[in-house]
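This briefing covers selected parts of one protein model. The points are grouped by topic and follow the display.

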Amino acid sequence: MILKDIRNIYHSELDALFGKEEVDSFFNVLIEHYLNLKRIHLVLDPQYMITKEEEQPLFEALTHLKSQKPIQYILGETEFYGLPFKVNEHTLIPRPETEELVDWIINCHTERSQIVSKEPQTKILDIGTGTGCIAISLAKHLLNTKVSALDVSEEALVIAQQNAELNVVNVEFIHDDILNSRQTELVSVFHKYDVIVSNPPYVRNLEKAEIQPNVLDNEPHLALFVDDENPLQFYKAICEFAQINLKANGMLYFEINEYLGAEMIALLEGYGFKNIELKKDLYGKDRMVKGVK
Ligand SMILES: C[S@@+](CC[C@H](N)C(=O)[O-])C[C@H]1O[C@@H](n2cnc3c(N)ncnc32)[C@H](O)[C@@H]1O
């Protein structure tokens with residue numbers, strides 16, 4: 001079949017759902033992924049033919065797109081902070097606002113990580129690691145660090161481990177439940193961290209109406225939602241964990257619910273953190289907070 005005809009089918013079936021530009025962008029990503037063809041190929045050779053076997057994944061992807069499956073899950077991969085990451089239905093798709101959190105941490109810690117020493121200068125723990133995007137990006141960009149990452153989902157940890165290998169970094173993965181303090185004591189036997197970071201579940205059920213159907217139907221609810229009555233449950237548990245496991249003057253970083261910035265500052269103050277900073281994301285929403293122990 002002529003490749004351009006398949007693109008026309010994409011437009012006729014998907015434009016109403018996503019708009020023409022987004023459909024073009026999906027198609028370009030898919031032909032690059034499955035056929036190793038650049039967008040310019042269609043311009044230079046409008047009559048370019050592909051075989052039945054080559055057509056098949058494009059039509060399968062079309063079916064998934066029609067059912068609103070995110071393209072990252074269709075491809076099984078995405079990009080985060082310039083690095084490749086595998087994703088599947090057990091892992092949240094990393095978000096651009098989380099790249100901003102990673103960037104904040106890298107900017108704050110680059111100088112220290114450049115001090116040459118036999119022992120790692122900075123011990124970092126990422127809680128609720130998912131794909132490992134935060135932990136792996138920090139391990140890749142901050143020299144002289146020892147990075148650990150924890151998640152309650154064994155399936156997510158399988159993907160995170162694969163992502164560490166894909167990006168050629170060493171991260172220690174820990175299977176644990178941060179809400180269960182008895183087990184987290186075990187985690188802490190050998191470690192005191194300089195940095196603890198987390199992007200925990202923080203979407204309240206009352207905010208479900210704001211969530212796109214493709215997110216609600218496809219992304220793991222374990223990674224997203226918290227009770228309306230206790231929306232800071234994870235942050236409280238992590239602050240308590242940090243009281244034991246973070247070194248004096250260690251830094252705690254969180255990605256947060258945009259509506260709960262003031263509550264987050266009050267929470268960190270309540271746990272005795274100093275120099276608390278609330279930071280907005282590119283869209284001007286309260287999105288990150290840090291504090292010093
Ligand atoms: C919002 S996702 C963040 C994933 C990844 N760090 C990112 O930024 O894209 C929250 C993660 O917390 C994990 N999680 C949920 N409950 C947990 C618990 N009780 N203990 C540890 N991790 C948990 C989920 O499996 C999920 O991977």
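**Strands β9, β10 and β11**

Strands β9 and β11 form an antiparallel pair with five bridges. The model is a predicted one. The points below start from β11, go on to helix α13, and then turn to the domains and to the positions that UniProt lists as "binding site".

- Within the β9 and β11 pairing, tyrosine 253 has lysine 290 of β11 as its bridge partner.
- β10 is also paired with β11, in the antiparallel sense and over five bridges.
- On the β10 side, lysine 274 stands opposite valine 292 of β11.
- The hairpin of β10 and β11 has five residues between the strands, and glycine 284 in this hairpin has a positive phi near 80°.
- β11 is mostly covered, with seven of its seven residues buried.
- In a regular strand, side chains alternate between the two faces of the sheet.

**Helix α13**

- Helix α13 spans residues 261-270, and its buried residues are Gly261, Met264, Leu267 and Leu268.
- Viewed down the axis of α13, these buried residues fall within an arc of 120°, so they line one face of the helix.
- The face turned away from the buried side of α13 carries the exposed residues Ala262, Glu269 and Gly270.
- The packing partners of the buried α13 residues are α12 (233-245), β9 (246-255), β10 (274-280) and β11 (286-292).
- Glycine 272 follows α13 and has a positive phi, near 85°.

**Domains**

- The protein is divided into domain 1, residues 3-67, and domain 2, residues 88-292.
- The C-alpha centres of domain 1 and domain 2 are 36 Å apart.

**Positions listed by UniProt**

- An unreviewed UniProt entry lists Gly128, Thr129, Gly130, Thr131, Gly132, Asp151 and Asn199 under "binding site".
- These positions are spread over 72 residues of sequence but cluster in space, with a largest C-alpha distance of 11.8 Å.

**Glycine 128**

- Glycine 128 sits in the loop between β3 (122-127) and α7 (133-141).
- The relative accessible area of glycine 128 is 33%, so this residue is partly exposed.
- Apart from neighbours within four places in sequence, glycine 128 is in contact with Leu150, Asp151 and Asn199.
- Two of these contact residues, Asp151 and Asn199, also appear in the UniProt "binding site" list.

**Threonine 129**

- Threonine 129 is likewise found in the loop between β3 and α7.
- Threonine 129 has a relative accessibility of 4%, so this residue counts as buried, the cut-off for buried being under 20%.
- Not counting residues up to four places away in sequence, threonine 129 touches Ala135, Ala149, Leu150, Asp151, Leu157, Ala160 and Phe173.
- The side chains of threonine 129 and aspartate 126 are joined by a polar contact of 2.7 Å.

**Helix α7**

- α7 is mostly covered, with seven of its nine residues buried.
- The buried residues of α7 are Cys133, Ile134, Ala135, Ile136, Ser137, Leu138 and Ala139.
- Ala135, a buried residue of α7, is one of the residues that threonine 129 touches.

Methods
Residues are numbered from 1 along each chain as its sequence is written. This is a predicted model: local features need pLDDT of at least 70, side-chain atom pairs count only at pLDDT 80 or more; totals for chains, interfaces and linings use all residues. Side-chain values use heavy atoms; hydrogens and water are left out. Buried means under 20% relative accessible area, exposed over 50%, partly exposed in between (1.4 Å probe, protein chains only). Helices (H or I, at least four residues) and strands (E, at least two) are DSSP runs, numbered from the N terminus. The arc is that of the directions from the helix axis to the C-beta atoms. Contact means heavy atoms within 4.5 Å. Two strands pair if DSSP finds at least two bridges between them. Domain bounds come from an automatic or database domain assignment. UniProt positions are given in the numbering used here, feature names are shortened, and annotations may be inferred rather than shown by experiment. A polar contact is a pair of N or O atoms within 3.5 Å; within protein, one must be able to donate a hydrogen and the other to accept it, and residues adjacent in sequence count only if both atoms are side-chain atoms.
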